[in-house]
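Me: Please take a close look at the salt bridges here. Which partners pair, and how open are they to solvent?

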Amino acid sequence: MQIEEITDAQLDDPRLADFARLTDAVLRRRMEPAGGLYIAESAKVLTRALHAGHRPRAVLVSPDKVTDAVAVLEHAGATAPVLVADFAVLEAITGYDVHRGFLASMHRPELAHPSTLLANARRVVVLENIVDHTNVGAVFRSAAALGADAVLITPECADPLYRRSVRVSMGTVFQVPWTRIEWPAGASLIRDAGFVIAALALTDDSVPLDSLETDAPERLAIMLGAEGDGLSRAAITAADLTVRIPMGGGVDSLNVAAAAAVAMYATRVRH
């Protein structure tokens, strides 16, 4: 395994190109689509990514994480340069406190066509324009735990492979198949695949989640909207029905990630 020591943060060093200035949002937006990379934090996340077939570009770790990095790569039969730097240098390179001491840059895989994911699925989650990376990551973690077969995200939705999404999901963004879907035109693709589309929304004609729980369709797509505004009018119109989670305590709605978990649990496939 190629192990190299980094003693200072020379940001023009080509070895550090994937990791430099990670907090610069403009740079990330430019780099990720064009350069085809994302960042995985921690040995556990890297392990999940490699298990999903993703390929590493380089690993940047603190001295105490070298053994972990080498072990994860060797176990997966993967090779990549392992760059070692102390915490002060890591912070100078990335622009933030790398408290875990473990970063891996990964080749971004090509996304599948939505029809491929829908073909054998029974439960899918559709995220419309959810822009908070933490919420996206939390939805994926619930999707993995509660048996969703796929997650479809609209073009304006936050990137599931952004490092915060990956971290919050505990690496389950590599476990649950996902792709982007044209929207709202893509709703017809979901329906044509045999799915009933249920929109979580507070509308005059919405039905309680309990009624969907007791008589869930064979193939169900649960659709959730952006923080604050909720689903767009076009999305609600495209749905077969709207569903609400009954509330108490004077609360009218839940955080979108919490709502997703409740809906997925209530409508999960019972074996």
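Reply: Asp-64 is partly exposed, at 49% relative accessibility. Its side chain meets that of Lys-65 in a salt bridge, 3.1 Å from N to O. The model is predicted. Across the whole structure, a search finds 10 salt bridges. Side chains of opposite charge can pair when their charged atoms come close.

Now take Arg-270 and Glu-213. Their closest N and O atoms are 3.6 Å apart, and they form a salt bridge. This pair links distant parts of the chain, 57 residues apart. Arg-270 sits in the segment after α11 (256-266), while Glu-213 belongs to helix α9 (residues 209-214). How accessible is Arg-270? Its relative accessibility is 46%, so Arg-270 counts as partly exposed. Glu-213, at 33%, is also partly exposed, because the partly exposed class runs between 20% and 50%.

Shared partners matter elsewhere. Salt bridges join Glu-4, Asp-13 and Arg-15 into one network. Within this network, Arg-15 forms a salt bridge with Asp-13, with the closest N and O atoms 2.8 Å apart. Is each partner buried or partly exposed? Arg-15 is partly exposed, with a relative accessible area of 35%. Asp-13 is at 14% relative accessibility, so Asp-13 counts as buried. The cut-off for buried is under 20%. This bridge therefore pairs a partly exposed Arg-15 with a buried Asp-13.

Technical notes. Residues numbered from 1 in each chain as written. Predicted model: local features only at pLDDT ≥ 70, side-chain atom pairs only at ≥ 80, totals over all residues. Heavy atoms only, no water. Salt bridge = Lys/Arg side-chain N within 4 Å of Asp/Glu carboxyl O. Buried < 20%, exposed > 50% of the residue type's maximum accessible area, 1.4 Å probe, protein only. Helix = DSSP H or I, 4+ residues; strand = E, 2+ residues; numbered from the N terminus.
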